[in-house]
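Q: Please take a close look at the sheet in this model, and at the helices around it. How are the strands ordered, and what packs where?

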Amino acid sequence: MTEGRLFEDVDTYINSLFAVEDAVLTRAVERSTAAGLPEIQLSPGQAKLIYLLAKMIGAKRMLEVGTLGGYSTVWLGRALPDDGELISIELDPGHAKVARETLVDAGLDKTCRIIEGRGLDVMNTLTPHFDMVFLDANKDGYPAYLKQAIRLVRPGGLIVADNVVREGAVLEPSKVDPNAIGAAAFNQALASHPQLEAIVLQQVGIKGHDGLAVARVKDD
Ligand code: DHB
Ligand code: MG
(Lines give C-alpha, C1' and ligand atoms only; values in the text may rest on other atoms or scores of the structure.)
(Ligands and ions follow the chains in the order given, each with its own letter.)
Protein backbone atom coordinates (compact mmCIF):
# COMPACT_ATOMS: atom_id res chain seq x y z
CA MET A 1 0.00 0.00 0.00
CA THR A 2 1.42 3.36 -1.06
CA GLU A 3 0.07 5.13 2.02
CA GLY A 4 1.77 2.54 4.24
CA ARG A 5 5.17 3.41 2.77
CA LEU A 6 4.46 7.11 3.14
CA PHE A 7 3.26 6.72 6.74
CA GLU A 8 6.43 4.79 7.57
CA ASP A 9 8.66 7.37 5.88
CA VAL A 10 6.99 10.24 7.71
CA ASP A 11 7.24 8.33 10.98
CA THR A 12 10.96 7.78 10.37
CA TYR A 13 11.30 11.50 9.60
CA ILE A 14 9.52 12.41 12.87
CA ASN A 15 11.60 9.95 14.87
CA SER A 16 14.83 11.28 13.38
CA LEU A 17 13.87 14.79 14.46
CA PHE A 18 12.21 14.23 17.82
CA ALA A 19 13.13 10.82 19.17
CA VAL A 20 16.74 10.08 18.30
CA GLU A 21 17.99 6.99 20.11
CA ASP A 22 21.23 7.25 22.04
CA ALA A 23 23.66 4.34 22.45
CA VAL A 24 21.77 2.95 25.47
CA LEU A 25 18.50 2.72 23.52
CA THR A 26 20.24 1.30 20.45
CA ARG A 27 21.83 -1.36 22.65
CA ALA A 28 18.46 -2.02 24.30
CA VAL A 29 16.93 -2.90 20.93
CA GLU A 30 19.99 -4.97 19.94
CA ARG A 31 19.93 -6.84 23.27
CA SER A 32 16.23 -7.68 22.85
CA THR A 33 16.68 -8.84 19.27
CA ALA A 34 19.73 -10.94 20.14
CA ALA A 35 17.74 -12.64 22.93
CA GLY A 36 14.96 -13.47 20.46
CA LEU A 37 12.33 -11.20 21.96
CA PRO A 38 9.52 -10.15 19.62
CA GLU A 39 10.20 -6.73 18.06
CA ILE A 40 7.01 -5.19 19.40
CA GLN A 41 8.49 -2.49 21.61
CA LEU A 42 7.24 1.06 21.16
CA SER A 43 8.64 3.08 18.27
CA PRO A 44 10.98 5.90 19.34
CA GLY A 45 8.23 8.46 18.69
CA GLN A 46 5.62 6.51 20.66
CA ALA A 47 8.10 6.23 23.52
CA LYS A 48 8.85 9.96 23.33
CA LEU A 49 5.13 10.64 23.69
CA ILE A 50 4.71 8.63 26.90
CA TYR A 51 7.96 10.16 28.21
CA LEU A 52 6.51 13.62 27.57
CA LEU A 53 3.19 12.73 29.20
CA ALA A 54 5.05 11.58 32.31
CA LYS A 55 7.08 14.78 32.41
CA MET A 56 4.07 17.00 31.80
CA ILE A 57 2.37 15.75 34.96
CA GLY A 58 5.64 15.72 36.93
CA ALA A 59 5.31 11.98 37.50
CA LYS A 60 7.37 10.65 40.41
CA ARG A 61 5.83 7.22 40.81
CA MET A 62 4.94 5.14 37.78
CA LEU A 63 3.79 1.63 36.96
CA GLU A 64 4.29 -0.23 33.70
CA VAL A 65 2.47 -3.47 32.93
CA GLY A 66 4.40 -5.49 30.33
CA THR A 67 8.14 -4.74 30.44
CA LEU A 68 9.21 -6.84 27.43
CA GLY A 69 12.92 -5.98 26.97
CA GLY A 70 12.73 -2.69 28.86
CA TYR A 71 12.77 -0.24 25.95
CA SER A 72 9.77 1.82 27.10
CA THR A 73 10.95 1.31 30.68
CA VAL A 74 14.11 3.26 29.87
CA TRP A 75 12.13 6.10 28.28
CA LEU A 76 9.75 6.27 31.26
CA GLY A 77 12.64 5.95 33.72
CA ARG A 78 14.33 8.91 32.05
CA ALA A 79 11.22 11.02 32.67
CA LEU A 80 11.55 10.49 36.43
CA PRO A 81 13.33 12.75 38.90
CA ASP A 82 16.26 11.23 40.85
CA ASP A 83 13.97 10.32 43.75
CA GLY A 84 11.32 8.87 41.44
CA GLU A 85 10.22 5.24 41.22
CA LEU A 86 9.10 3.02 38.38
CA ILE A 87 7.76 -0.47 38.87
CA SER A 88 7.47 -2.59 35.74
CA ILE A 89 5.65 -5.93 35.73
CA GLU A 90 6.77 -8.75 33.42
CA LEU A 91 5.45 -12.30 33.24
CA ASP A 92 8.29 -13.85 31.21
CA PRO A 93 11.51 -14.39 33.22
CA GLY A 94 13.57 -14.32 30.01
CA HIS A 95 12.16 -10.92 29.07
CA ALA A 96 12.73 -9.66 32.61
CA LYS A 97 16.39 -10.76 32.48
CA VAL A 98 17.00 -8.80 29.28
CA ALA A 99 15.19 -5.77 30.70
CA ARG A 100 17.24 -5.83 33.92
CA GLU A 101 20.45 -5.79 31.87
CA THR A 102 19.12 -2.83 29.90
CA LEU A 103 18.21 -0.94 33.09
CA VAL A 104 21.73 -1.46 34.46
CA ASP A 105 23.16 -0.28 31.12
CA ALA A 106 20.94 2.80 31.34
CA GLY A 107 21.95 3.55 34.92
CA LEU A 108 18.28 3.24 35.92
CA ASP A 109 18.43 0.12 38.04
CA LYS A 110 18.05 2.14 41.27
CA THR A 111 14.85 3.92 40.29
CA CYS A 112 13.30 1.24 38.05
CA ARG A 113 12.38 -2.16 39.42
CA ILE A 114 11.01 -5.14 37.53
CA ILE A 115 8.60 -7.44 39.33
CA GLU A 116 8.08 -10.84 37.73
CA GLY A 117 4.56 -12.17 37.72
CA ARG A 118 1.10 -11.89 36.23
CA GLY A 119 0.03 -8.30 35.71
CA LEU A 120 -3.15 -8.61 37.70
CA ASP A 121 -1.58 -10.56 40.57
CA VAL A 122 1.17 -8.00 41.02
CA MET A 123 -1.15 -5.00 40.60
CA ASN A 124 -3.31 -6.45 43.38
CA THR A 125 -0.37 -6.24 45.78
CA LEU A 126 0.41 -2.57 45.03
CA THR A 127 -0.83 0.43 46.97
CA PRO A 128 -1.79 3.87 45.66
CA HIS A 129 -0.76 6.47 44.68
CA PHE A 130 0.78 6.26 41.24
CA ASP A 131 1.04 9.30 38.99
CA MET A 132 0.87 7.25 35.82
CA VAL A 133 0.17 3.67 34.76
CA PHE A 134 1.25 2.46 31.32
CA LEU A 135 -0.44 -0.71 30.05
CA ASP A 136 1.37 -2.67 27.33
CA ALA A 137 0.88 -6.35 28.25
CA ASN A 138 -1.62 -8.96 26.99
CA LYS A 139 -4.56 -7.03 25.56
CA ASP A 140 -7.17 -9.56 26.74
CA GLY A 141 -6.22 -8.50 30.25
CA TYR A 142 -6.72 -4.76 29.64
CA PRO A 143 -10.26 -4.49 31.14
CA ALA A 144 -9.05 -6.05 34.40
CA TYR A 145 -5.85 -3.98 34.38
CA LEU A 146 -7.97 -0.87 33.95
CA LYS A 147 -9.92 -1.57 37.15
CA GLN A 148 -6.65 -1.90 39.04
CA ALA A 149 -5.17 1.17 37.37
CA ILE A 150 -8.16 3.27 38.47
CA ARG A 151 -7.57 2.07 42.03
CA LEU A 152 -3.86 2.86 41.86
CA VAL A 153 -3.69 6.20 40.03
CA ARG A 154 -4.09 9.45 41.96
CA PRO A 155 -6.60 12.12 40.95
CA GLY A 156 -5.05 14.09 38.10
CA GLY A 157 -2.87 11.12 37.17
CA LEU A 158 -2.79 9.28 33.85
CA ILE A 159 -3.65 5.85 32.52
CA VAL A 160 -1.99 5.22 29.16
CA ALA A 161 -2.41 2.06 27.08
CA ASP A 162 -0.72 0.82 23.90
CA ASN A 163 -2.36 -1.21 21.12
CA VAL A 164 -6.01 -0.23 21.51
CA VAL A 165 -6.82 -0.09 17.77
CA ARG A 166 -5.16 -3.24 16.40
CA GLU A 167 -5.39 -2.32 12.70
CA GLY A 168 -9.06 -1.59 13.23
CA ALA A 169 -9.82 -5.04 14.67
CA VAL A 170 -11.55 -3.28 17.58
CA LEU A 171 -14.34 -2.31 15.15
CA GLU A 172 -15.50 -5.93 14.92
CA PRO A 173 -13.92 -7.57 17.92
CA SER A 174 -16.24 -10.61 17.98
CA LYS A 175 -14.77 -11.85 14.71
CA VAL A 176 -11.17 -11.64 15.74
CA ASP A 177 -8.68 -12.48 18.44
CA PRO A 178 -9.08 -12.16 22.22
CA ASN A 179 -6.65 -9.23 22.17
CA ALA A 180 -9.02 -7.19 20.01
CA ILE A 181 -11.97 -8.15 22.21
CA GLY A 182 -9.95 -7.02 25.22
CA ALA A 183 -8.90 -3.77 23.60
CA ALA A 184 -12.48 -2.98 22.52
CA ALA A 185 -13.85 -3.70 25.99
CA PHE A 186 -11.07 -1.57 27.46
CA ASN A 187 -11.92 1.34 25.15
CA GLN A 188 -15.60 1.06 26.01
CA ALA A 189 -14.86 1.07 29.74
CA LEU A 190 -12.40 3.93 29.36
CA ALA A 191 -14.93 6.03 27.42
CA SER A 192 -17.78 5.50 29.85
CA HIS A 193 -16.04 5.55 33.22
CA PRO A 194 -17.33 8.46 35.34
CA GLN A 195 -13.92 9.01 36.95
CA LEU A 196 -12.04 9.27 33.64
CA GLU A 197 -11.61 11.69 30.76
CA ALA A 198 -9.97 9.92 27.85
CA ILE A 199 -9.08 9.79 24.17
CA VAL A 200 -7.57 7.27 21.77
CA LEU A 201 -4.88 8.50 19.40
CA GLN A 202 -4.92 6.49 16.18
CA GLN A 203 -1.35 5.87 15.11
CA VAL A 204 0.28 4.85 11.84
CA GLY A 205 3.94 4.42 11.10
CA ILE A 206 6.82 2.01 11.49
CA LYS A 207 4.78 -0.10 13.94
CA GLY A 208 1.84 -0.38 11.56
CA HIS A 209 -1.67 0.81 12.38
CA ASP A 210 -2.65 0.89 16.04
CA GLY A 211 -3.61 3.32 18.79
CA LEU A 212 -2.63 4.77 22.13
CA ALA A 213 -5.23 5.49 24.81
CA VAL A 214 -4.65 8.40 27.19
CA ALA A 215 -6.95 8.85 30.19
CA ARG A 216 -6.85 11.31 33.06
CA VAL A 217 -8.33 10.46 36.44
CA LYS A 218 -10.66 13.29 37.41
CA ASP A 219 -9.79 15.39 40.40
CA ASP A 220 -13.14 17.11 40.88
C1 DHB B 1 1.74 -7.08 20.29
C2 DHB B 1 1.90 -6.53 21.55
C3 DHB B 1 2.26 -5.21 21.67
O4 DHB B 1 2.38 -4.61 22.87
C5 DHB B 1 2.49 -4.43 20.54
O6 DHB B 1 2.85 -3.14 20.72
C7 DHB B 1 2.34 -4.99 19.28
C8 DHB B 1 1.97 -6.32 19.16
C9 DHB B 1 1.35 -8.50 20.18
O10 DHB B 1 1.24 -9.17 21.21
O11 DHB B 1 1.14 -8.96 19.07
MG1 MG C 1 2.52 -2.53 22.71
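**The sheet and its helices**

A: In this predicted model, Leu 158 stands opposite Arg 216 in β7. Leu 158 belongs to strand β5, residues 153-162, which runs antiparallel to strand β7, residues 208-217, and is joined to β7 by 5 bridges. That pair is part of an open sheet of 7 strands with mixed pairing, whose order reads β3-β2-β1-β4-β5-β7-β6. Because β3 (112-116) and β6 (196-205) each have a single partner strand, they stand at the edges of the sheet, and one side of each is left without a neighbour there. From one strand to the next, the twist averages 15°.

Helix α5, residues 93-105, packs on this sheet, where the helix touches both β2 (85-90) and the edge strand β3, and the direction of α5 makes about 170° with that of β3.

A separate contact joins two helices: the axes of α2 (residues 23-34) and α4 (residues 71-78) come within 9 Å and cross at roughly 155°. Since angles over 145 degrees count as roughly antiparallel, this crossing makes α2 roughly antiparallel to α4. On the α2 side the contact is made by Val 24, Leu 25, Ala 28 and Val 29, while α4 contributes Tyr 71, Val 74, Trp 75 and Arg 78. By class, the residues of this contact between α2 and α4 divide into 7 nonpolar and 1 charged, with no polar residue among them.

Notes
Residues numbered from 1 in each chain as written. Chains lettered and ligands numbered in written order. Predicted model: local features only at pLDDT ≥ 70, side-chain atom pairs only at ≥ 80, totals over all residues. Heavy atoms only, no water. Pairing = 2+ DSSP bridges. Helix = DSSP H or I, 4+ residues; strand = E, 2+ residues; numbered from the N terminus. Axes fitted to C-alpha atoms, helices over the stretch in contact; angles between N-to-C directions. Contact = heavy atoms within 4.5 Å. Parallel < 35°, antiparallel > 145°, perpendicular 65-115°, else oblique. Nonpolar A, V, L, I, M, F, W, Y, C, P; charged D, E, K, R; others polar.
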